[in-house]
Structures are given as structure tokens and as C-alpha cells.
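User: Please take a close look at one part of this model, a helix and the residues around it. I should like the cut-offs stated along with the values.

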Amino acid sequence: MQKECEDKAGRPSRPPSPKQNVRKNLDFEPLSTTALILEDRPANLPAKPAEEAQKHRQQYEEMVVQAKKRELKEAQRRKKQLEERCKLEESIGNAVLTWNNEILPNWETMWCSRKVRDLWWQGIPPSVRGKVWSLAIGNELNITHELFDICLARAKERWRSFSTGGSEVESEDVGFSAADREASLELIKLDISRTFPNLCIFQQGGPYHDTLHSILGAYTCYRPDVGYVQGMSFIAAVLILNLDTADAFIAFSNLLNKPCQMAFFRVDHGLMLTYFAAFEVFFEENLPKLFAHFKKNNLTPDIYLIDWIFTLYSKSLPLDLACRIWDVFCRDGEEFLFRTALGILKLFEDILTKMDFIHVAQFLTRLPEDLPAEEFFASIAAVQMQSRNKKWAQVLTALQRDSRELEKGSPSLRH
């Protein structure tokens with residue numbers, strides 16, 4: 001048809017390309033590039049020697065065998081993945097029934113039982129995670145949905161005031177400069193854009209942007225003495241993914257009111273140093289070789305612990321793994337945060353002992369994204385939170401007492 005059109009137009013047709021000539025000499029079109037080695041040479045070239053043809057035949061057969069092996073291996077891998085996924089889904093389904101039918105209706109009597117603690121360690125099913133977290137965190141502050149609405153209304157009024165250049169001061173803000181309040185609100189905007197950026201759900205225009213903004217804004221009105229601190233956005237975001245807005249605010253406020261979180265978010269340097277000192281007691285007990293290496297290189301706990309504690313590992317670990325850390329943290333309290341830190345150090349001990357200051361700091365700031373969950377939790381489980389027959393709480397209390405005595409200038413410590 002092309003030739004006829006060209007003839008009618010008075011234009012000569014293009015000569016066939018050398019590639020087309022070669023194809024005409026083939027009895028059939030090869031099914032793959034691999035099969036080309038079996039083809040005879042074009043008519044304008046010398047024929048293959050018998051030995052070369054035989055060699056090509058063997059190479060092709062070897063390629064086919066290897067391809068079949070790869071296909072079989074890939075099929076087996078997919079089958080194993082499917083079986084594991086089915087097994088996991090069945091396990092989660094059974095766990096959901098247990099949590100909904102046995103544990104949650106009898107929470108007060110069952111939450112601390114051995115059976116529930118074991119289930120807790122395996123990970124709380126996502127469908128009941130929010131409810132379990134709420135119960136485990138509690139509501140010692142007695143925050144209601146109505147109080148959240150009041151705090152949110154104040155936050156919105158404050159945003160409007162700042163946007164219009166107003167300077168009125170709420171009664172609870174006395175003692176806090178307008179610059180401090182405005183900086184806190186600006187920091188919220190900035191941090192929200194950097195919260196789980198890969199998910200694209202908390203950024204401007206995302207489905208949870210306004211929710212996260214509301215909770216953080218309401219908290220600055222609820223606790224103006226604390227305000228907004230970097231890292232809070234990650235904690236609030238994880239709660240939003242598992243709870244309704246008001247319940248997320250209640251859990252968020254009570255969680256930040258825990259002694260460890262309050263020490264860090266209020267930047268109580270003395271108490272933070274006490275937590276670091278307690279951590280080092282168990283660090284030396286569990287990982288003496290790595291502890292000595294860190295000491296030699298002046299790697300102090302604040303270099304890596306601050307980010308982990310401020311965000312409860314939600315920034316440092318993959319989200320699904322961070323949620324499992326939260327599961328046990330809600331069960332065991334602050335001790336598990338430091339036990340998790342030791343679990344990370346234990347898991348990568350061999351690598352870390354070969355690194356210098358810069359590389360250790362970089363590695364612990366950006367942990368590998370492909371952490372295997374079971375191996376990670378096995379490493380945490382291997383950590384012993386007992387030093388000289390003293391548990392975490394006892395060690396921390398003793399260090400706090402020593403710190404207070406030092407501040408008072410106790411005569412017993414001077415000698």
C-alpha cells in the first residue's frame with residue numbers, strides 16, 4: 001500500500017534496509033534474543049562450523065535450564081510469601097477476636113495477665129490498636145471531648161488574631177510573650193509539612209493536615225507552659241492514624257504528661273541527664289564492648305536518644321515497626337523506650353564497633369529502612385533491664401535522689 005501511494009505521488013519507494021534483508025533470510029522470527037544463537041548466519045556470510053553450532057546449542061540449553069530454575073525459585077518464593085501472608089492474616093484475625101471478645105470487655109482484670117502480655121508483645125491488631133492504646137495510656141488528666149473543643153476554638157481564634165495582626169492575650173498566656181506564641185504556631189506549620197512526608201497525608205491538602213494542625217494547636221492552648229516542641233507532630237500523627245480526633249487529643253495530652261516525655265518536651269536538662277545516666281548503666285551492663293567504644297569516641301546518649309525519645313521512634317523506624325514499639329511502650333512505660341534503644345545498639349553492635357564518631361552518629365540518625373521485625377524484637381527481648389539486682393525504676397530513682405542531693409550541696413556527698 002505504501003509503494004502504491006508513493007507510485008501515485010511520483011516518489012520512489014525506499015530501498016529495504018539491511019536489517020529487513022537479514023530477516024527475509026530467516027525461516028522464522030526468533031521468540032527471544034536468547035534464541036538468536038541458534039540461528040544460522042545470513043546467506044551473505046560463511047556458515048557456522050559444526051563445533052560452533054554445537055557450542056551455541058549447549059549455551060542455549062544451559063540458558064533455558066537456568067531460566068527454568070529462576071522461574072521455579074521465584075514461584076516457590078511467591079508461594080511462600082502467600083502462605084506467610086495467609087498465616088499472618090489468620091493470626092491477626094484470631095487475635096482480633098481474642099482482643100474484642102475476651103480482653104477489652106474485661107480490661108481491668110485481664111490487661112496485666114500473662115496471656116495478654118504475650119499477645120501484646122506479638123503486636124496489637126491495627127483494628128483494635130487505638131482502643132488498646134487509649135486504655136493503656138489512660139486519662140489521668142480527665143480531659144473531655146468538650147475541653148478539646150474549647151481548646152481548639154481558642155487555637156483557631158489565636159490563629160485568626162495572628163493573621164490579622166491582633167495582640168490580645170488570653171488569660172492562660174500571661175507570662176508568655178507574643179513572639180513565643182507566634183513562633184510556636186509557625187513551628188507547627190513548618191513541622192506538619194515534614195511529618196511522614198512519604199505518606200503525603202499530613203501535608204497541605206492532605207486528608208489529615210487539618211486534623212494534625214487542630215490537635216497541635218489545641219495542645220498549645222491546653223498547655224501554654226509547654227507550647228509546641230519539635231517532635232510532637234510525629235506523636236500526634238501516629239495517634240491520628242489510630243484514633244478519632246478528640247480521642248487522639250486526649251491520648252496525646254496524657255502521653256506527653258508522663259514523666260519522661262514531660263522532662264524532654266519541657267527540656268528539663270537536669271532530669272534529661274538523669275535519664276541518660278540511667279540508660280548508660282544498662283548500656284554498660286548489656287553491651288560492655290560497644291559501651292567502651294562509644295566512650296572512647298565521646299559518643300554520648302543525647303546524640304541519638306533525643307530524636308528517638310522525642311518522636312517515640314516514629315520518625316526513626318518504619319511506621320509499622322514503630323507502632324509495634326508503641327504497643328509495648330503503652331504496656332511497659334518509659335523503660336521500654338530505653339530498652340528499645342539498647343535493642344537497636346545490640347542488633348547493630350558488630351557494625352557500630354567498627355565505626356568512628358561521625359559514621360555512628362549518621363547511622364543511628366538514619367536507621368536502615370528494611371529492619372526485620374522479628375529479628376529486631378528478638379534483639380530487644382535479649383536486653384536485660386536489671387543491673388546489680390536493680391530494675392530500671394530503682395536505678396532511675398537512685399540517680400534522681402543523688403542529683404537532688406548534689407543540687408542541695410549535701411554534706412554527705414562533699415566528703
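Analyst: The account below begins with helix α11 and then turns to the helices and salt bridges around it.

This is a predicted model, in which local features need pLDDT of at least 70, side-chain atom pairs count only at pLDDT 80 or more, and totals for chains, interfaces and linings use all residues. Residues are numbered from 1 along each chain as its sequence is written, and side-chain values use heavy atoms, with hydrogens and water left out.

The chain has 22 helices and two strands; these are DSSP runs numbered from the N terminus, helices being H or I with at least four residues and strands E with at least two. Of its 415 residues, 40% count as buried, where buried means under 20% relative accessible area, exposed over 50%, and partly exposed in between, with a 1.4 Å probe and protein chains only.

Helix α11 covers residues 245–256. Its end C-alpha atoms are 16 Å apart, which agrees with the 16 Å that its twelve residues should span at 1.5 Å a residue; the expected span is 1.5 Å times one less than the number of residues. Ten of the twelve residues are buried, so that α11 is mostly covered. Among the buried residues are F249, I250, F252 and N254. The cover over them includes α6 (126–137), α7 (145–163), α9 (209–222), α10 (232–240), α12 (259–265) and α16 (319–332).

S253 belongs to this helix and is buried, with a relative accessible area of 1%. Leaving aside neighbours within four places in sequence, S253 is in contact (heavy atoms within 4.5 Å) with L141, I143, Y219 and Y222.

Two of the covering helices, α6 and α16, are also joined by a salt bridge, that of D327 and R129 (2.8 Å, N to O). A salt bridge is defined as a side-chain nitrogen of Lys or Arg within 4 Å of a carboxyl oxygen of Asp or Glu. The pair links distant parts of the chain, with D327 in helix α16 and R129 in helix α6, 198 residues apart. Both D327 and R129 are buried. By this rule the count comes to 13 salt bridges.

Helix α16 also holds I325, which counts as buried at 0% relative accessibility. I325 and L312 are 13 residues apart in sequence and 8.2 Å apart in space, C-alpha to C-alpha. Not counting residues up to four places away in sequence, I325 touches Y313, L317, F336, T340, F376, F377 and I380.

One of these, T340, lies in helix α17 (residues 334–347) and is likewise buried, at 0% relative accessibility. Beyond its neighbours within four places in sequence, T340 is in contact with Y313, I325, F376 and I380. The side chain of T340 also reaches the backbone oxygen of F336 at 2.8 Å.

Another salt bridge joins K295 and E280, with the closest N and O atoms 3.5 Å apart. K295 lies in helix α14 (residues 288–296) and E280 in helix α13 (residues 269–286), so the pair ties together parts that are 15 residues apart in sequence. K295 is partly exposed, at 47% relative accessibility.

Conventions
Polar contact = N/O pair within 3.5 Å; in protein donor to acceptor, adjacent residues only side chain to side chain.
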